[in-house]
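Visitor: I would like a close look at one part of this model, with the rest used as background. Could you walk me through it?

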Amino acid sequence: ECLDPVPEETAGPYPGDGSNGPDVLTESGVVRRDIRSSFGDLSGTAEGVPLTFELTILDGTNGCAPYAGAALYLWHADRDGRYSLYSRGVTDQNYLRGVQEADSSGRLSFQSIYPGCYDGRWPHAHFEVFPSLAEATSAGSMLVTSQIAFPEATCAEVYDAATGYEQSVANLARTSLERDMVFRDGWTLELATLRGDPERGYTAQLTIVV
């Protein structure tokens with residue numbers, strides 16, 4: 001049974017894809033699995049609870065067959081809710097941004113950190129899917145822009161237990177998936193499955209139909 005295509009969502013104000021200021025997609029080094037550190041001429045590492053993204057891209061126009069060769073650009077906020085290249089204090093960083101190409105099974109992965117919860121939004125990660133690595137790294141035509149939501153129980157567990165997420169505890173308490181401006185119209189196809197613990201880190205899994 002084929003899932004419905006992932007909903008189209010806003011890229012938000014900090015995409016780093018050239019549509020709103022900086023463009024990391026065309027920079028050498030953006031294709032990488034570990035996105036915790038800045039790349040190119042920039043240096044710095046985002047601290048936080050380890051989080052591995054395991055994503056599978058399926059082709060909804062081809063019976064949900066694995067979309068081999070598709071490329072996904074992932075970006076999200078750091079532990080303090082800041083976006084590299086844009087937010088005050090991290091304009092000289094480009095961490096927590098990267099591109100990966102799907103294998104023959106449509107699978108790809110990133111090593112990152114658990115994002116913080118900033119005021120006004122539910123904890124999430126952004127992504128754009130391109131038909132090929134060449135399209136992605138030339139900031140070409142994309143198939144979909146969407147977001148990944150994180151389960152409430154896992155967010156609470158991370159923010160309560162881990163150092164550096166103190167502000168996220170308060171911000172999470174003030175929001176919900178039902179009130180979030182992106183996810184409130186439905187999040188079934190965007191909610192990742194999480195496993196792990198704050199000490200050893202987590203794995204987030206999601207199947208994305210485009």
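Is Arg200 buried, partly exposed or exposed?

Guide: Happy to. This is a predicted model, in which local features need pLDDT of at least 70 and side-chain atom pairs count only at pLDDT 80 or more, while totals for chains, interfaces and linings use all residues. Residues are numbered from 1 along each chain as its sequence is written, and side-chain values use heavy atoms, with hydrogens and water left out.

Arg200 counts as exposed because its relative accessibility is 72%. The words have fixed cut-offs: buried is under 20% relative accessible area, exposed is over 50%, and partly exposed lies in between, with a 1.4 Å probe and protein chains only. Arg200 has a salt-bridge partner in Asp197, at 2.6 Å from N to O; here a salt bridge needs a side-chain nitrogen of Lys or Arg within 4 Å of a carboxyl oxygen of Asp or Glu. Asp197, at 14% relative accessibility, counts as buried.

Now for the strands around this pair. Strand S8 covers residues 193-197, and S9 covers 201-209. Helices (H or I, at least four residues) and strands (E, at least two) are DSSP runs, numbered from the N terminus. S8 and S9 form a hairpin with three residues between them. They pair in the antiparallel sense over five bridges, where pairing asks that DSSP find at least two bridges between two strands. One such bridge puts Arg195 opposite Thr203 in S9.

S9 also leads inward, as one of the elements that each supply at least two residues to the largest nonpolar core; strand S1 (50-59) and helix H2 (152-161) are among the others. A nonpolar core is a set of buried Ala, Val, Leu, Ile, Met, Phe, Trp, Tyr and Cys residues joined through side-chain atoms within 4.5 Å. This core has 45 residues, and Ile57 is one of those that touch the most other members, along with Phe53, Leu72, Leu74, Tyr114, Ile148 and Phe150. Leaving out residues up to four places away in sequence, the contacts of Ile57 include Ile208, Val210, Leu108 and Val129; contact means heavy atoms within 4.5 Å. A second, separate core of 14 residues includes Leu25, Trp75, Tyr83 and Ala136.

For background, the pair at Arg200 belongs to a structure with six salt bridges. Elsewhere, Asp78, Asp80 and Arg82 are linked in a network. Arg82 meets Asp78 at 3.2 Å, N to O, and its closest N and O atoms with Asp80 are 3.5 Å apart. Asp78 is buried at 2%, whereas Arg82 is partly exposed at 26% and Asp80 is partly exposed at 49%.

The cysteines complete the tour. The structure holds one disulfide, a term for a pair of cysteine sulfur atoms within 2.5 Å. Cys2 is joined to Cys64, S to S 1.7 Å. The torsion about their S-S bond is about 65°, so this disulfide is right-handed. It links distant parts of the chain, 62 residues apart: Cys2 lies in the segment before S1, and Cys64 in the loop between S1 and strand S2 (65-66). Cys2 is partly exposed at 36%, while Cys64 is buried at 14%. Cys117 is in no disulfide. The sulfur of Cys155 has its closest cysteine sulfur in Cys117, 7.2 Å away, which is too far for a bond.
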